[in-house]
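Biologist: I'm new to this one, so could you take me through a single part up close? I'd like to hear about the strands and how they sit next to each other.

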Amino acid sequence: MSQSPRSLFFVASAVAGTVAGYAAVEEPKVRLEQVQIVDVGSDVAALAVHPNRTLLYASVRSVPAVATMSIDPRTGRLDRVCDLPVPSQLVSLACDPGGRRLFGASYRDHVVVSLLLDDNGVPAARQTDVFAAGSHPHCVLPLPDGSVWVSALGDDVVLRIPVDEHGRFCRADIRTSRLPAGFGPRHLVVAARRDEVLAIGERSGEIARIAAHDGTVIGRWSTLPPEAGLAPGVVRELDRENPATAQDGRPLIWAADLALSADEEVVYSCERRASLLSISSVRHGRLRRAIPTQTQPRAIALDPAGRYLLVTGERASTVTMYAVDPHDGDIEAVAQAPVPAGALWVESLRRPTG
């Protein structure tokens with residue numbers, strides 16, 4: 001068996017209620033192999049990987065709960081460890097860099113939650129903190145400085161919330177970064193070398209650069225080509241039919257996710273209405289190109305080495321893996337694999353084959 005490295009991807013599918021595992025195998029040719037499909041529960045949404053790479057967490061919105069699974073370091077297979085009921089449906093999960101807390105955001109209940117992890121990384125039933133975080137929070141991003149960044153999509157703001165040594169949110173020292181009305185911040189990534197946080201706007205299709213040290217919005221650009229012909233989006237409400245087009249008939253912008261290259265020079269993003277995958281220069285703050293991708297792309301993720309980008313589509317029957325050019329960050333589709341219905345989220349890790 002080849003000793004070359006390989007990447008593992010995990011995809012959560014809401015309709016099927018599953019988490020599927022995939023391996024990017026590089027020899028004798030690059031291909032994407034489905035490792036396993038695990039039944040997790042109806043309406044599984046977000047995923048997160050523990051920093052030690054031995055545990056995967058999945059939010060199950062129908063319960064609501066967080067399911068914890070162990071990751072076999074040799075095969076990438078998952079085994080169910082436990083399920084923990086949580087106070088709200090969570091659309092985003094993230095583990096703090098120290099592996100002591102698991103954070104989540106609830107779009108429906110307008111809160112973020114903090115869950116204690118035990119010494120093995122398993123969520124504990126005690127010491128849960130819940131904090132009202134504005135209208136429709138959609139992403140939690142814990143940073144090494146002890147803060148959690150939260151995108152409040154309905155308020156057009158990004159919040160920096162300090163967290164104390166017990167994992168509780170510090171309500172007195174919150175910092176607010178205000179974005180233009182109609183931006184709709186959805187997902188966040190950190191550009192540590194630049195001391196910045198990047199936010200994708202669900203309603204605008206823009207990416208904003210925010211200075212991590214003081215929260216200043218230092219720039220933004222559109223990730224959508226003019227020929228896409230999209231109109232500004234709306235705040236989507238749950239349990240009701242939301243519009244897909246503007247009064248003039250143009251489709252409404254519905255951007256979803258972003259991923260940052262290892263050198264922080266390129267950011268990839270996706271838009272669901274036009275099914276586009278965009279490539280932007282972070283340094284110059286502009287779109288380089290946009291290409292068709294999976295139908296209604298919901299999630300994208302780079303493997304930790306930055307060699308492969310995986311894209312999922314909510315209405316697609318496959319996932320697509322792109323190879324990343326190490327020189328300029330350009331991408332080329334190299335493999336596809338079947339995926340259960342309603343793919344929403346993707347996480348990745350890298351391991352050596354044995």
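Modeller: Let's start with a term: two strands count as paired if DSSP finds at least two bridges between them. Keep in mind that this is a predicted model. With that in hand, look at the open sheet of 4 strands that runs in the order β4-β5-β6-β7, with antiparallel pairing. Its edge strands are β4 (44-49) and β7 (78-85), and each of these pairs on one side only. Going from one strand to the next, the twist averages 25 degrees.

Now zoom in on one pair in that sheet. β4 lines up with strand β5, residues 55-60, in the antiparallel sense, and the two are joined over 4 bridges. To find one of the spots where they meet, pick out leucine 47: its bridge partner in β5 is alanine 58. As for what holds such neighbours together, strands of a sheet pair through backbone hydrogen bonds, either parallel or antiparallel.

For a side-by-side look, move along the chain to another open sheet of 4 strands, ordered β8-β9-β10-β11 and again with antiparallel pairing. Here the edges are β8 (92-95) and β11 (129-132), each pairing on one side only. The twist in this sheet averages 20 degrees from one strand to the next. Inside it, strand β9 (residues 101-106) and strand β10 (residues 111-116) pair in the antiparallel sense over 6 bridges. If you want a landmark there, find glycine 104 and look across to valine 113, its bridge partner in β10.

How values were computed. Residues numbered from 1 in each chain as written. Predicted model: local features only at pLDDT ≥ 70, side-chain atom pairs only at ≥ 80, totals over all residues. Heavy atoms only, no water. Axes fitted to C-alpha atoms, helices over the stretch in contact; angles between N-to-C directions.
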